Amino acid sequence: MATIVTVTLKKESHEVIFEGGLKELLSAIIKSFGNILTSVDDIGQLRVYDEEVEEFVELEKSYGKIQNGTKFNVVLKKKIYVCFLVDCTGSMGPWITTIKDNILIWKRRLLENYQHGQLHFSFVRYTDFDQPSTTRTTSLDFTEDPEAFTAFINGIEIGAGVGGDEAEDVLGGLKVAVEQLNWNSNVATKVLIHIADAPCHGQIYHGSDVGDSYPDGDLSIKLSDLLDGLCKKQIQYYFGYIKQQATEKMIAEFNGILSTFSGESCYIKQLDATNPESVEELVFNSLEESITKTLSFFGCIPKGLIEFDPHLPNWDDEVQSEKGIITPPVRPNLTENEVLLCLPSVMATVKRGAKPFAMGTCRYVYHGYIIDTNTHVVLKENKKDTHFKRYLENYHAHLTAMVYAEQFNREKPDTAEAIQFVSPSLLEIRENSGWRHFSVEPYIEGEYLKFNSNAGYVAESSKINDTLQAFSHYSWQKSGERLIV
């Protein structure tokens, strides 16, 4: 007998008719919401929330007979693909053991923060040219099963392929990772974590102090094709160095090639993995960073629920005014100590666009209008951490950057450009559910350019860019290596 239930997905509700149990229901949901679920290739990607019992219903668990009229909310699990590319020669045993011992910990910690994550791990082992071509590299394709991952690592022979020189078959391992693993094109977060203590063969990738029996490198592999494939698959590449001096030239060469066809979008970030015990946090932080970059609003609300409006609101006709508390723009020439004391507040009448017109990694951006000062502003609202304390921390960080910019302008040579930060404010609006907070900045129309990033990207040299890089270095030195802007 057919069962009829009501299912809501991304604000769209359908009556779904099916015969059978939960598995059949999920199949019917995919069919019914085909316009939304075009990228779903596995019913295991769906999580179903039963409104009556107020809990998620897992496909793997037994679930009683589904009653007519039951109401379900459905969210999509977000697949996260993580590949470990590891040099398995020499003394790499402690690093490999750390990966094996922490796989369940990483999975648990990530799923605590990202409830609908679906983690898939893979492993690529590479050695050197002295090993048979059939065993020089081995790999485990992506799996959700931690036991299968652990069993594969337990079977790795540590120290094979010592070879007599320092350089290793890095390109052979990278080729397997990029071209032979099953990187699902529908997965948003794809991460490659490469841990090694030696560069690849080829004199252009290392200094003369690195022993290399194959100074011409591996002529059978075209590095530019591998890196192009990496970018096209949108794989985020993290390199954990053990001997930075030995591998930094290799990574610089890799990034040089990447920059020719990807700009900042595909850039290798280097991380300090010299201590095996640091790898646990190194990997976890890298995964969190990657998820944040690629999955907006990853928590309980599916991506796509937020609607955007790129148009400037009609302040006279379309938008209701709201009363709020705002910190006025601060005076110039503050000292760093005065920053922490700078938080006056006044009542203000504000209008805000109903929908954000843009978003960044961590915040949504709305058009705003301060009626009292006749000022067009942008209102930035945190996606996740909406506590006022977080806004206050960002506000103080912004003011601190202003302080260092003013100091830099006074001390800079005449050949350098002057640097100016927009003056920030904070806004609190009282709503029925409580206080809502925004960071406030003047609206500046024009084209926005990025000159550097936390991932290590630096734009091509120019007078403006060189000044900005010098300012970052200045803030680091002037603060006694406490902070960098």
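Where is E481 found? Select it and look: E481 sits in the segment after α10 (463-478). Helices here are DSSP runs of H or I with at least four residues, strands are runs of E with at least two, and both are numbered from the N terminus.

Before going on, a word about what is on screen. This is a predicted model, in which local features need pLDDT of at least 70 and side-chain atom pairs count only at pLDDT 80 or more, while totals for chains, interfaces and linings use all residues. Residues are numbered from 1 along each chain as its sequence is written, and side-chain values use heavy atoms, with hydrogens and water left out.

**Stop 1: the whole chain**

Show everything as a cartoon. You should find 10 helices and 18 strands in the protein chain. Of its 485 residues, 48% count as buried; buried means under 20% relative accessible area, exposed over 50%, and partly exposed in between, with a 1.4 Å probe and protein chains only. Switch on the surface, and the accessible area comes to about 24,600 Å², with 49% of that belonging to carbon and sulfur atoms. That area comes from the Shrake-Rupley method with a 1.4 Å probe, and for residues only the protein chains shown count as cover. A contact means heavy atoms within 4.5 Å. Among contacts between residues at least 6 apart in sequence, 67% join residues at least 24 apart.

**Stop 2: the segment after α10**

Return to E481. E481 has a positive phi of about 60° although it is not a glycine, and its relative accessible area of 48% makes it partly exposed. Now select S479, also in the segment after α10. S479 is buried, at 5% relative accessibility. Its side chain reaches the backbone oxygen of L483 at 3.2 Å.

From L483, jump to A397 in helix α9 (residues 388-411). The two C-alpha atoms are 9.9 Å apart, although A397 and L483 are 86 residues apart in sequence. A397 counts as partly exposed, at 47% relative accessibility.

**Stop 3: the largest nonpolar core**

Which residues have the most contacts inside the largest nonpolar core? Select L174, L192 and F254, and you have them; the core has 35 residues. A nonpolar core is a set of buried Ala, Val, Leu, Ile, Met, Phe, Trp, Tyr and Cys residues joined through side-chain atoms within 4.5 Å. Colour the elements that give two or more residues to this core: β6 (78-87), β7 (117-126), α4 (170-180), β9 (189-196), α5 (223-232), β10 (236-241) and α6 (244-262). The largest share, six residues, comes from α4.

Zoom in on α4. It is largely enclosed by the rest of the structure, because eight of its 11 residues are buried. Those are V170, L171, G172, G173, L174, V176, A177 and V178.

Next, centre on L192. Leaving aside its neighbours within four places in sequence, L192 is in contact with C83, L85, L174, A177, L230, I235, Q236, Y237 and Y238. A second, separate core of 33 residues includes F152, V191, Y238 and L271.

Follow L230 into α5, where the buried residues are L223, L226, L227, G229, L230 and C231. Just after α5, Q234 takes a positive phi of about 55°. If you highlight cysteines, C83 is buried at 0% relative accessible area and C231 is buried at 16%. The structure holds zero disulfides, a disulfide being a pair of cysteine sulfur atoms within 2.5 Å.

**Stop 4: β10 beside β11**

Select β10 and β11 together. They pair in the parallel sense over four bridges; two strands pair if DSSP finds at least two bridges between them. Y238 stands opposite K269 in β11. Strand β11 (residues 269-272) has a covered face, K269 and L271, and an uncovered one, Q270 and D272.

**Stop 5: two loops**

Is T89 buried or exposed? Pick it in the loop between β6 and α2 (93-113), and T89 proves to be buried, with a relative accessible area of 2%. A polar contact of 2.6 Å joins the side chains of T89 and D87. The term covers a pair of N or O atoms within 3.5 Å; within protein, one must be able to donate a hydrogen and the other to accept it, and residues adjacent in sequence count only if both atoms are side-chain atoms.

Finish at N374, in the loop between β15 (363-370) and β16 (375-382). N374 is exposed, with a relative accessible area of 57%. Its phi is near 55°, a positive value in a residue other than glycine.
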